[in-house]
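Let's take a friendly tour of a protein and the ligand it holds. Have a look at the picture, then read on.

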Amino acid sequence: MDIVILDNSEQVAQEAASMVAGLLRATPSAVLGLPTGQTPRAMYQALVREHRENGLSFSDVTTFNLDEYVGLEPGSPQSYRAYMQRELFDHVDIDPDNTFLPECPPGADPRTVGPAYEAAIARRGGIDLQVLGVGVNGHIGFNEPASSLASRTRIKTLTRETIEVNRPLFDDPSKQPQLAITMGIATITEAREILLLATGESKADAVHRLVEGPVSARCPASILQMHEKVTVLLDEPAAAQLELRDYYDWVAAQKRALLDKFGAPR
Ligand code: GLP
């Protein structure tokens, strides 16, 4: 794991956007896995700026979102589809036909969504870069604690804690879904590269467990320790509980020295 600790959340957003932009410039037809939530919003804003000011194109990009609530009306402002339209898709040149979420409108059978989503990801050749946030309980996507580490896209019952954390997003709490469809943990870890963002003090415990704890379904994000190419981008408050902090800083210094001497790796 590459642990990168930056001064503040704005720097995390900038660095994340520059990693995504770097991939899209090298591979204009890249397939991105994308998260929702508060954490990535500044990254999306930075990507929109990059599109407007520096011509970053999304015209050949395909996106697969991590998750979506079950049973929201199409166009519901609380849906992750609406979030993605607001934060990114409406502001860049992406082809709407290339944007996928595991949507399950009222009346649709949620059990059919997962296999169809897995097939769509496979048809597009798999995910090149999966961007992730992390829940305060260590979830990735909506893979709550005790999710199978081998899980695929499926229905997930949200924990009471997750429902509570996301409650402010719903004007009418009685309309807040208790079920979601989420990429599974195996789906996520099949991405060729993973970039996890965490900012703020509320994530410090989850970050400690995901980076330094045992690999366990108790903290689904800890599975990332088994992936070959993961970058964890943190601000100072999110990094506050890391026990090997000195070592991560030392590694970062060594990397900078190599970069200065030999340039960016190919
Ligand atoms: C949500 C989403 C996750 C997200 C996480 C953290 O419930 N399902 O994909 O990464 O929780 O969200 P936030 O960035 O708002 O803290």
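## Where the ligand sits

The ligand occupies the second largest pocket. On a 1 Å grid over the protein atoms alone, a pocket is an open set of points with protein on both sides within 12 Å along at least five of seven lines. A molecule sits in a pocket if more than half of its atoms lie within 2 Å of its grid points.

This is a predicted model, where local features need pLDDT of at least 70, side-chain atom pairs count only at pLDDT 80 or more, and totals for chains, interfaces and linings use all residues. Residues are numbered from 1 along each chain as its sequence is written, and side-chain values use heavy atoms, with hydrogens and water left out.

## Who surrounds it

Around the ligand are 13 residues, each with a heavy atom within 4 Å of it. The closest are Gln38, Thr39, Asp67, Phe142 and Lys203. By class, the shell has four nonpolar, seven polar (Gly counts here) and two charged residues.

## Polar contacts

Which atoms pair up at polar contact range (N or O atoms within 3.5 Å)? A backbone N or O atom of Gln38 is 2.7 Å from a ligand oxygen atom, and a polar side-chain atom of His139 is 3.0 Å from an oxygen atom of the ligand. For Gly141, a backbone N or O atom lies 3.2 Å from a ligand nitrogen atom. Taken alone, the ligand exposes 400 Å², and the protein buries 89% of that (Shrake-Rupley method, 1.4 Å probe).

Conventions: A polar contact is a pair of N or O atoms within 3.5 Å; within protein, one must be able to donate a hydrogen and the other to accept it, and residues adjacent in sequence count only if both atoms are side-chain atoms. On a 1 Å grid over the protein atoms alone, a cavity is a set of points where a 1.4 Å probe fits but cannot get out, and a pocket is an open set with protein on both sides within 12 Å along at least five of seven lines; lining residues have an atom within 4 Å of a point.
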